[in-house]
Amino acid sequence: MNNLSDTIKNRRDLMKANWFELQNIKSDQQNSVANPAIVKPYDDKNIIDLPEPKRTDRLSSDINELIQERRSRRQFADEQMSLTELSYLLHSTQRIQKTFKNNIATLRPVPSAGARHPFETYLAILNVEKLKNGIYRYLPDVHKLIYLHTHDDLKEKVVKSVLDQTWAGETNVVFYWSCIPYRAEWRYSIKSHKAMLLDAGHICQNLYLAAESMKLGTCAIAAYDQKLSDELLKVDGEDEFTVYISPVGKQVKTEI
Ligand SMILES: Cc1cc2nc3c(=O)[nH]c(=O)nc-3n(C[C@H](O)[C@H](O)[C@H](O)COP(=O)(O)O)c2cc1C
């Protein structure tokens, strides 16, 4: 193991804590720079209400069963997803429960280092009740959606964005989590990046469990095309970019 390339060594360093590196660096928060917005700003056009979330259709709500039965699922039934089911998935992953410290931080169903929650949730809607197909963004402060845009060949673009993993195109909705890194860099500077990647995992795990509780299925995707995904969402790829994707569909009844 002595002939590791410098690239591998550098990548491993990102995984280490090494908080001492902050000794001579002041974060923007320490320099009294105003905190970034806790939610990406939006205007009041094209806003869509979501029904109150509730779980539907589940035989057991035993948390141990859900944890043990969770699987990555890549086969789906050809059935529409209800808006209530989608509402529950969003509520379980990123809904803001509390804003505190003069609007600098939020609490949500998942943990996040320093309560920074540096992510936005985008949805490629492919087959959901009452929603035309297209790209939407979740507004976690008010639990609503905002319709952004669509593409004639949305399904093909989704599949291309995940490097031709065709099963993603057979789902009802594809979750794309983008990161606005400055939200965490503002507080933790060069030590924020490891934390942001850890944070993302928590969101997706909640999606797995919330999906499982309604006999929906999902499968995390890290093998995606950065450029095509960012273009699909229309984010700039620098101050905001895709970090994780998870398509959700209806479980097929025969699946083990
Ligand atoms: C960070 C991460 C990235 C993943 N990326 C992909 C992916 O791009 N494509 C895919 O089919 N599965 C992907 N998976 C799913 C794994 O293959 C899956 O979790 C693993 O095979 C174990 O199966 P299980 O989740 O059913 O326990 C990913 C999982 C994680 C946690």
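This report describes the overall fold, two helices, the ligand shell and a few single residues of one predicted chain.

Because the model is predicted, local features are given only where pLDDT is at least 70 and side-chain atom pairs only at pLDDT 80 or more, whereas totals for chains, interfaces and linings use all residues. Numbering starts from 1 along each chain as its sequence is written.

**Overall fold and confidence**

The chain has an average pLDDT (the predictor's confidence in each residue, from 0 to 100) of 95, and 96% of the residues score at least 70. Confidence is lowest in helix α2 (residues 63–69), with a mean of 91, and highest in strand β8 (residues 173–179), at 99. Seven helices and ten strands make up the secondary structure; these are DSSP runs, with helices being H or I of at least four residues and strands E of at least two, numbered from the N terminus. The radius of gyration, taken over C-alpha atoms, is 19 Å, close to the 18 Å that the globule rule (2.2 Å times the number of residues to the power 0.38) gives for 256 residues, so the chain is as compact as a globular protein of that length. Along its principal axes, the C-alpha trace spans about 55 × 50 × 40 Å.

Burial is judged by counting other C-beta atoms, placed from the backbone, within 10 Å of a residue's own: 20 or more make it buried, 12 or fewer exposed, and anything in between partly exposed. By this count, 36% of the 256 residues are buried. Of the contacts (C-beta atoms, placed from the backbone, within 7 Å) with a separation of 6 or more, 75% join residues 24 or more positions apart.

**Helices α3 and α6**

Helix α3 (residues 83–93) is largely enclosed by the rest of the structure, because nine of its eleven residues are buried. Those buried residues, including E85, Y88 and H91, pack against β5 (119–125), β6 (134–139), β8, α6, β9 (216–218) and β10 (241–251).

Helix α6 (residues 192–212) has 21 residues and should span 30 Å at 1.5 Å a residue, which agrees with the 31 Å between its end C-alpha atoms; the expected span is 1.5 Å times one less than the number of residues. Among the buried residues of α6 are M196, I203, L207 and Y208.

**The ligand shell**

R71, S72, Q165, C219, A220, I221, A222 and A223 surround the ligand, each having its C-beta atom, placed from the backbone, within 6 Å of it. This shell divides into five nonpolar, two polar and one charged residue, where Ala, Val, Leu, Ile, Met, Phe, Trp, Tyr, Cys and Pro count as nonpolar, Asp, Glu, Lys and Arg as charged, and the others, Gly among them, as polar. R71 lies in the loop between α2 and β2 (76–77), and although R71 and T218 are 147 residues apart in sequence, their C-alpha atoms are 7.9 Å apart in space.

**Single residues**

I48, in strand β1 (residues 47–49), touches K144, L145 and Y147, not counting residues up to four places away in sequence.

Most residues other than glycine have a negative phi. N18, in the loop between α1 (6–15) and β1, has instead a positive phi near 45°. K101, in the loop between β3 (98–100) and β4 (105–107), likewise has a positive phi, of about 50°.

The neighbour counts of these residues and R71 are tabulated here.

| Residue | Other C-beta atoms within 10 Å | Class |
|---|---|---|
| R71 | 14 C-beta atoms | partly exposed |
| I48 | 13 C-beta atoms | partly exposed |
| N18 | 12 C-beta atoms | exposed |
| K101 | 9 C-beta atoms | exposed |

Key. Two residues are in contact if their C-beta atoms, placed from the backbone, lie within 7 Å.
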